[in-house]
2 protein chains.
Amino acid sequence: MSQSSKPARAGRSRPTMRHVATLAGVGIKTVSRVMNGEPNVSSATIARVMEAAQSLDYQLDERAGNLRRADGRTRTLGLLVSSVDNPFSGTLHRAVEDAAQARGIAVFASSLDDDSQREKVAVNAFLRRRVDGLILTTISEDQSYLAPEMRHGTPMVFVDREPVGISGDTVISDNRGGAMTATEHLLNHGHHRIAYLGDRREIYTARERRGGFFDALGRAGIPTGGIPVIEDLHNEESATKAMLALLDSATPPTAVFTSQNLVTIGAIRALRSRGAHHTTALVGFDDFQLSDLLEPGVTVVAQDPQEIGRAAAERIIDRLDGDNCPARRCIVPTTLIARGTGEILPLIN
Amino acid sequence: MSQSSKPARAGRSRPTMRHVATLAGVGIKTVSRVMNGEPNVSSATIARVMEAAQSLDYQLDERAGNLRRADGRTRTLGLLVSSVDNPFSGTLHRAVEDAAQARGIAVFASSLDDDSQREKVAVNAFLRRRVDGLILTTISEDQSYLAPEMRHGTPMVFVDREPVGISGDTVISDNRGGAMTATEHLLNHGHHRIAYLGDRREIYTARERRGGFFDALGRAGIPTGGIPVIEDLHNEESATKAMLALLDSATPPTAVFTSQNLVTIGAIRALRSRGAHHTTALVGFDDFQLSDLLEPGVTVVAQDPQEIGRAAAERIIDRLDGDNCPARRCIVPTTLIARGTGEILPLIN
DNA sequence: GTGAAAGCGCTAACAC
DNA sequence: GTGTTAGCGCTTTCAC
C-alpha cells in the first residue's frame, strides 16, 4: 500500500538531461546544446533530442544552469512595495514586470505594509534566492545594511522613497514640487486658511509633501502659525475623524490639502457628512480611480507610477548590462488635474 | 585599468560556505549546520562560524540547497493573474502572498492581460524555475497541456476560472448565483426590460454570469426575446458606447446588469452623460472602490477576492504537505450590496 | 559535431 | 560534535 501520506513530492520523478540523452542516444552535453539553442548540432540530432525531450515531458531546470553558468544570474528580480493590494504599487509592479518580462526576467513581489520590521526580512529572503536585482520602496530608518550586498554587485533601485545612510539609484515623484503646486492652486483661488492633512511622518513622501506645502505658504507670505496641521493619518477612518474635527472647530479652514489617497477619500467622506463638499476646497496628492465621477470631481496632483516603475526597471537592467556610472536620481514630474474641488472659492474672506 | 565595461557582475566575488569554513577553522558541513540552525553544534563553534559569516557578509545560497535537498523544493510559488495592475488581482495576490510568506515561500506573479498566447509562455517560465506550485487565472481555451506537469507532482490551483480539458483544484466565485441574485433584485423592483452588458464570451466568468442572468429571467417567466444583450465589452469606452446606444434606442431598458467592473463604470458614465443615472436602475457584478461615494451609490454583487486567494493558497499548501485527495472545487459566495442604483424603480410600466 | 570530466554551492549519508 | 565524500542537474572546458 504505497498510498502513503509522506510529505514528499507525489508523482513520478522528473526527467533530467541524462534521461533525455540516454533515450536519444546522445551525450548529455548535446542535449544541453539543443535545449539552449546553441549552434553546432546537426539537424538530425536536434530532431532526435527534441523528440526524446517531448516524449519524457522534459523541462530544462534553470536552477542548475544558473548555478554553473558563468554570470550566475537567476533572471529574477525582487520588488518591495507597500502592498501589492494598492493601486500605486500595482501600477508600478506592472511596469516593472513588463520591462523584466521582455528580458526573460521573472519578478518576485513582497508587501511591507510600511512596516520597517518587514523590510530587512523581505530583502534577505530575496537575497538568499539570489535575485539579480532589487527594486525597493523602503520604510526602515536606514538602509546602510544594504551596503555589503551592493558591493557584491547586486544592483538596487530605490523607488518612491529616498534611501537613508546609503546612496543608490533612485526614482521618485516630485513630491515637494507637486505639493507646492497643489497649495499654490488653492492660494490662487483666494484661500488663506488651508489645512494640511498628512500621513505618518516616518514616511519619506509624507515629509516631502508637508515641506512643499509649507514652502508654498512661505512664498506667498502666509503666516504659518494658525495653519491647521494634522498628521500621522494612515487610513480613511483617521482622516475622516481629523477632517470632522477641523470642520467642527471655531474657525474651520476654507480649503484642505491632503497628502495621500486614503487621506483624500477620508476627508471627502467627512465633507460629505457635513454637507461641506461644495463649499470647502480640496486638492489631494495622488490620483485615484473615479476621482472624476465624484461630485464635485476631485482636483489632484497626479503621480505617474507607471513611469516610476518603467524608469526603475530600465535602471536595473542597464546596471545588469554593465553600466557602472555613479548613482543616478530620477525625479518623475507630477501633474495637477483640476476637476472641481480645487476650484471652489472661499465663501467669506 | 580594470574599469572595464564587461557585462559581468561587478564587485568582489561573493563568499561561499567554504570561505566561511576556512575563516572559522571548521569543516564546511559545520557551517551548513549553523546556517540552517541544525542541532549538534557546540555553542562555541556556532559563535565562531557566525562571526566568520558576518565578517564576510556571507548569505546562504538557497538555490544550491534546493538542488541537493531531498524534497527539491524552491519555496517558490507562481501566480498568474489578468494583471497585477487591477484591484481584483491585487487583493487576490496579497492574500496568496500572506499565506505563502508565513511558510517562507516567495511568490512570482505574471500578468496575462487575458491574452491566451501569454498563458503557456508564463507557465513555462515558472516551471523552468521549478516553482513548488502554481495558482492560475487561466484564459486559454484548454489547459490539458498542464497534465504532464501535474503528474510530475506540481500542485496547481485554478482561481476565478474553471479549467478546461483537465481537472484540478478550483476556487471560484459563485458567478451564476451572484448574477441571478443581481437580476432577481432588479426584477423584484419591478423591472422587466433589463439589459445585459457583458465581457468577452471567451472568458469563463462572463459566460457564467450571462447564464445566471438568463436563468433568473427564465425563472421569472420573462420572455428573453426582446432582452437587449451586448457582449464582448472589455473596457470602459466600449461599455459607455454600448450603454449610450441602448439609451438612444426606441425602447431603452429600465434597468441594466453589468457583468464586470469596467463595464459597470463605463455604463455609469453613459447614464450620467444622458442624465439617466437617477432613472435607470443598475446592478454591477464585482464591487469597486468608491462605489458608495458615487451619486447614487452603486448597487453591486460583491466578490471576495481576498477569500479566493486565501483558499487557493491554503489548497496549494495542503497539497505541498502531502494531501492527495481528489481535486476539490470551492465556490466562494457573493454578496449583494444595495447602495442606490439597484433600487431605482421603473418610471412607466 | 560531439562527448567526457570537472565543478557551480550546497546537503545527504555516513564515518569518526 | 564534527568532517569527509558523493552528488543534485546543469554548464564549462577541452579533447577528439
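**Cysteines and salt bridges in the predicted model**

The sulfur of B:Cys330 lies 12 Å from the closest cysteine sulfur, that of B:Cys325, and this separation is too far for a bond. The structure described here is a predicted model. With a relative accessible area of 28%, B:Cys330 is classed as partly exposed. Across all chains, the search of the whole structure returned zero disulfides. In chain A, A:Cys330 likewise takes part in no disulfide, and the nearest cysteine sulfur, belonging to A:Cys325, is 12 Å away. Because a disulfide requires two cysteine sulfur atoms within 2.5 Å, a separation of this kind does not qualify. The relative accessible area of A:Cys330 is 27%, which places this residue in the partly exposed class.

Salt bridges, by contrast, were found: the search of the whole structure identified 54 over all chains. One of them pairs the side chain of B:Arg128 with that of A:Glu62, at an N to O distance of 3.4 Å. B:Arg128 belongs to helix 6 of chain B (residues 116-128), whereas A:Glu62 belongs to helix 4 of chain A (residues 62-68), and the pair therefore joins two chains. The partners fall into separate accessibility classes: B:Arg128 is partly exposed at 27% relative accessibility, while A:Glu62 is buried at 14%.

Another salt bridge is formed by the side chains of A:Arg130 and B:Asp61, with 3.8 Å from N to O. A:Arg130 is located in the chain A loop between helix 6 (116-128) and strand 3 (133-136), and B:Asp61 in the chain B loop between helix 3 (43-55) and helix 4 (62-68), so this pair also joins two chains. Both residues, A:Arg130 and B:Asp61, are buried.

Within chain A, a salt bridge connects A:Arg329 and A:Glu162, whose closest N and O atoms are 2.7 Å apart. A:Arg329 is part of strand 11 (residues 329-332), and A:Glu162 lies in the loop between strand 4 (156-159) and strand 5 (169-173); the pair therefore ties together parts of chain A that are 167 residues apart in sequence. In addition, A:Arg94, A:Asp98, B:Asp113 and B:Arg118 are joined into one network by salt bridges that share partners.

In summary, the predicted model contains zero disulfides and 54 salt bridges over all chains. Among these salt bridges, the pair of B:Arg128 and A:Glu62 and the pair of A:Arg130 and B:Asp61 each join two chains.

How values were computed
Residues numbered from 1 in each chain as written. Chains lettered and ligands numbered in written order. Predicted model: local features only at pLDDT ≥ 70, side-chain atom pairs only at ≥ 80, totals over all residues. Heavy atoms only, no water. Salt bridge = Lys/Arg side-chain N within 4 Å of Asp/Glu carboxyl O. Helix = DSSP H or I, 4+ residues; strand = E, 2+ residues; numbered from the N terminus. Buried < 20%, exposed > 50% of the residue type's maximum accessible area, 1.4 Å probe, protein only.
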